[in-house]
Amino acid sequence: MATLTFGLETSALAQIDPATALKRQLVDGRGAKISRFHMYEPGSKTSKMINRSTGIVEFGKGRVVATDVVHHDPKTGPTLRVVSFPDRWYTRDYPPDEMLPAGKSWFLHPAPSDLAVRCGPIELSHPASLKAVLATATVKRPAGTYDRVRTTLYQGRVTLGELYRANPDIRISLTTKPTGKYAKIPVTWRLWLGEDQLVRRCRTSYNEPIIVPGVVDDERFSTIDDIRLSRWGIKTDIQPPPEDQVASYDDFDPSDLPENK
């Protein structure tokens, strides 16, 4: 779904602040590669859940406009591919192929997508959020090499309230504003910035509130995110799957779908 070529020279981005460096990347037809390790513990450590994913993010008009991501099971390998746009997203391998009509290998979900590049609750594709996080840094030191670039490590602690002031669109559990008691929840973070001031790695840990009205009232999950970003400035062209390979809800009895079993 995506084609790549090398883009802007990173040397041209030297000697600027990280928020400005990020803004210069958020232009049409440019993007970056991403890999993510996500772990959360909904209870005891014996019940921890791990997800790994790799893919491409495409930028345009100051934001993320498309993503193409493959999710990996730590034991069995690739399990799900998701191609997302602001108003819809497509999945391959869900529902399983045997459930799809003959000749179809993708499924259309006609619903909005959250395309932001997130490291825990920190939106790495939002310049104001990046600036707010770095303002809370308490450590700065030389670090390792990522994406063949020497990095500087920054680390500190930011609250959900501080993130919300930088980006009023952020939510917890999809719909809840991080205000009141939630505003005080701390997020421990580390950011590795290249010499071009672009993020090459981010790691966060915090107790994520889970809120489902009438079902779960503020249960806390211990959550760790580790994000790697590379090949900033590559040309990208993420396209939806061929229409003749896409199934939709119209092709199914709703009771046949896995989520309704």
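Which residues are buried in helix α2 (residues 127-134)? In this predicted model, the buried positions of helix α2 are Pro127, Ser129, Leu130, Val133 and Leu134. Viewed along the axis of α2, these buried residues are confined to an arc of 160°, and they therefore line one face of the helix. Such an arrangement can be read against the general geometry of helices: an α-helix has 3.6 residues a turn, so residues three or four places apart point the same way.

Aromatic contacts were examined next. A search of the whole structure yields five aromatic pairs, among them that of Phe85 with Tyr90, which is edge-to-face, with 6.3 Å centre to centre and 85° between the planes. Phe85 and Tyr90 are both buried. An edge-to-face geometry is also found for the pair of Phe107 and Tyr249, where the distance is 4.9 Å centre to centre and the angle between the planes is 80°. This pair links distant parts of the chain, since Phe107 belongs to strand β6 (residues 106-109) while Tyr249 lies in the segment after β14 (246-247), the two being 142 residues apart. Phe107 is buried, at a relative accessible area of 1%, whereas Tyr249 is partly exposed, at a relative accessible area of 35%.

Aromatic rings also take part in contacts with arginine side chains. Phe85, already described as the partner of Tyr90, has Arg88 lying over its face, at 4.6 Å from the ring centre. At Trp192, the charged end of Arg201 is placed over the ring, 4.4 Å from its centre.

Note on methods: Residues are numbered from 1 along each chain as its sequence is written. This is a predicted model: local features need pLDDT of at least 70, side-chain atom pairs count only at pLDDT 80 or more; totals for chains, interfaces and linings use all residues. Side-chain values use heavy atoms; hydrogens and water are left out. Rings of Phe, Tyr and Trp (its six-membered ring) pair if their centres lie within 6.5 Å; planes under 30 degrees apart count as stacked, over 60 as edge-to-face and the rest as tilted. Buried means under 20% relative accessible area, exposed over 50%, partly exposed in between (1.4 Å probe, protein chains only). Helices (H or I, at least four residues) and strands (E, at least two) are DSSP runs, numbered from the N terminus. A charge sits over a ring if NZ of Lys or CZ of Arg is within 6 Å of the ring centre and within 35 degrees of the ring normal. The arc is that of the directions from the helix axis to the C-beta atoms.
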